[in-house]
Amino acid sequence: MVGYGRVSAMIRVGVNGYGTIGKRVADAVEAQPDMEIIGVAKTQPNFEAHTAVKRGYPMYAAIPERAPLFAEAGIEVAGEVDELVAEADIIVDCTPSGIGEQNRELYETHHTPAIFQGGESADVADVSFNARSNFDAARDADYVRVVSCNTTGLSRVIAPLEEEYGVEKVRATLVRRGGDPGQNSRGPINDILPNPIKVPSHHGPDVKTIFPDLEIDTLGLKVPATLMHVHALNVTLGDDVTGAHVRQLLEDEDRIYVIPEGLGIDGAGKLKDLALDAGRPRGDLWENCVWGESIGVNGRDLYLFQAIHQESDVIPENVDAIRAMFDLEDKETSMQRTDRQLGVGITGDPSGFSEQARAEFADDD
Ligand code: NAD
């Protein structure tokens, strides 16, 4: 039970901020058997607001003065955001970076626990969270931050390596997409930016919010792409290893897809095509996508490339964070349940994975 001690049989979840992350979190929560969406809060009645209505999510006005705009757009408003906060067992704050921090006071006023996203600084919450790496740290916490897409992607690889071999040092170069597909004001449009120019970048310290004792240096770039991030990793391990052993270790992780040779998946574009062809909602790839061919070992030095779908890899983590905070399940049970309900996990020939996932979804929903 979380510190505020509010638990109902079905966890009643509100989402504040219904954009790229918020709309995905809402659908993922709604797909679970032990939690439900009781409302979403938005600032404006844009196309995503209409999507929320179609999905049956009660709409709350994030900015009370703007409530009439929703009525003018034909969207019924169930109330104002503080009513949603008062009503919910937990709020998942998916507002833009820095707004979540401002919202914390609202959540405290109503004694409502909250999950923040990776755009907030670590001190917004009691715990920074990645399900695979530190699930139990969120037990009983009232405020949890699900770490960023990049930190989530790095943590999922580091956790099994650390457990199996020990990790002496991680060096990672993060080639980051300039913006999400809808963010037409972001760039670069035609440039390759060291970003931040100062090295090492802030990403390493963020990974240390999950692995406090880890030696890690990161470098960042931004490129004219919206599809995914790509990481080039060099990990110095505690033991001599073989590439085959590391590959098997990563293939055993449900939230890592080791891309087989021979499928012709030579970049992020083909990965997104794969997800769309397979019928994934919004073309999402919740898994880290590690190129099997790239897994190379030289003594204790491991090298690999992975692609991270920035819009969706944190979504299963938000669901698991809710279960951890309410002490509903152990780590393995929660992650398996989340994965099964969403259809996370690609193994071998991916041609049929979504049909299988959808069948399971229908059975359990
Ligand atoms: P977004 O801009 O797509 O969505 C944010 C939504 O919140 C928008 O609908 C916006 O209108 C709304 N909003 C703005 N002010 C608000 C307020 N005061 N109250 C309620 N809603 C408000 O942003 P996003 O990409 O979904 O990012 C949300 C958080 O998730 C950020 O912390 C971000 O760093 C983090 N994150 C984003 C990504 C990504 O790639 N998009 C990946 C991982 C984590």
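How far is an oxygen atom of the ligand from an N or O atom in the side chain of threonine 20? The distance is 3.0 Å, in a predicted model whose local features need pLDDT of at least 70, whose side-chain atom pairs count only at pLDDT 80 or more, and whose totals for chains, interfaces and linings use all residues. Residues are numbered from 1 along each chain as its sequence is written, and side-chain values use heavy atoms, with hydrogens and water left out.

**View 1. Polar contacts and burial of the ligand.** A polar contact is a pair of N or O atoms within 3.5 Å; within protein, one atom must be able to donate a hydrogen and the other to accept it, and residues adjacent in sequence count only if both atoms are side-chain atoms. The side chain of aspartate 180 places an N or O atom 2.6 Å from a nitrogen atom of the ligand. For lysine 42, a side-chain N or O atom is 3.4 Å from an oxygen atom of the ligand. The protein buries 82% of the 820 Å² that the ligand exposes when taken alone; these accessible areas come from the Shrake-Rupley method with a 1.4 Å probe.

**View 2. The shell around the ligand.** The ligand is surrounded by 21 residues, of which Thr20, Ile21, Thr43, Arg177 and Asp180 come nearest; a residue is near if one of its heavy atoms lies within 4 Å of the molecule. The shell comprises 7 nonpolar, 11 polar and 3 charged residues. In this classification Ala, Val, Leu, Ile, Met, Phe, Trp, Tyr, Cys and Pro are nonpolar, Asp, Glu, Lys and Arg are charged, and the others, Gly among them, are polar. Domain 1 (11-147 + 315-328) and domain 2 (150-313 + 343-361) each supply at least three residues of the shell, with bounds from an automatic or database domain assignment.

**View 3. Annotated positions at Thr20 and Ile21.** An unreviewed UniProt entry assigns "binding site" to Thr20, Ile21, Gly119, Arg177 and Gln310; such annotations are given in the numbering used here, with shortened feature names, and may be inferred rather than shown by experiment. Isoleucine 21 belongs to helix H1 (residues 20-30), helices (H or I, at least four residues) and strands (E, at least two) being DSSP runs numbered from the N terminus. Isoleucine 21 is buried, at 19% relative accessible area; buried means under 20%, exposed over 50% and partly exposed in between, with a 1.4 Å probe and protein chains only.

**View 4. Annotated positions at Ser148 and Cys149.** The unreviewed UniProt entry also gives "binding site" for Ser148, Cys149, Asn150, His203 and Gly204. These positions span 57 residues of sequence yet cluster in space, with a largest C-alpha distance of 13.1 Å. Serine 148 occupies the loop between strand E8 (143-146) and helix H7 (149-165) and is buried, at 18% relative accessible area. Cysteine 149 lies in helix H7 and carries the "active site" annotation in the unreviewed UniProt entry. Its relative accessibility is 15%, so cysteine 149 counts as buried.

**View 5. Arginine 145 in strand E8.** Arginine 145 is part of strand E8 and is buried, with a relative accessible area of 1%. Its side chain forms a polar contact of 3.4 Å with the side chain of threonine 209. Arginine 145 and valine 92, 53 residues apart in sequence, have a C-alpha to C-alpha distance of 9.7 Å.

**View 6. Glutamine 341 in helix H12.** Glutamine 341 sits in helix H12 (residues 331-342) and is buried, with a relative accessible area of 0%. A polar atom of the glutamine 341 side chain lies 2.9 Å from the backbone oxygen of alanine 31.
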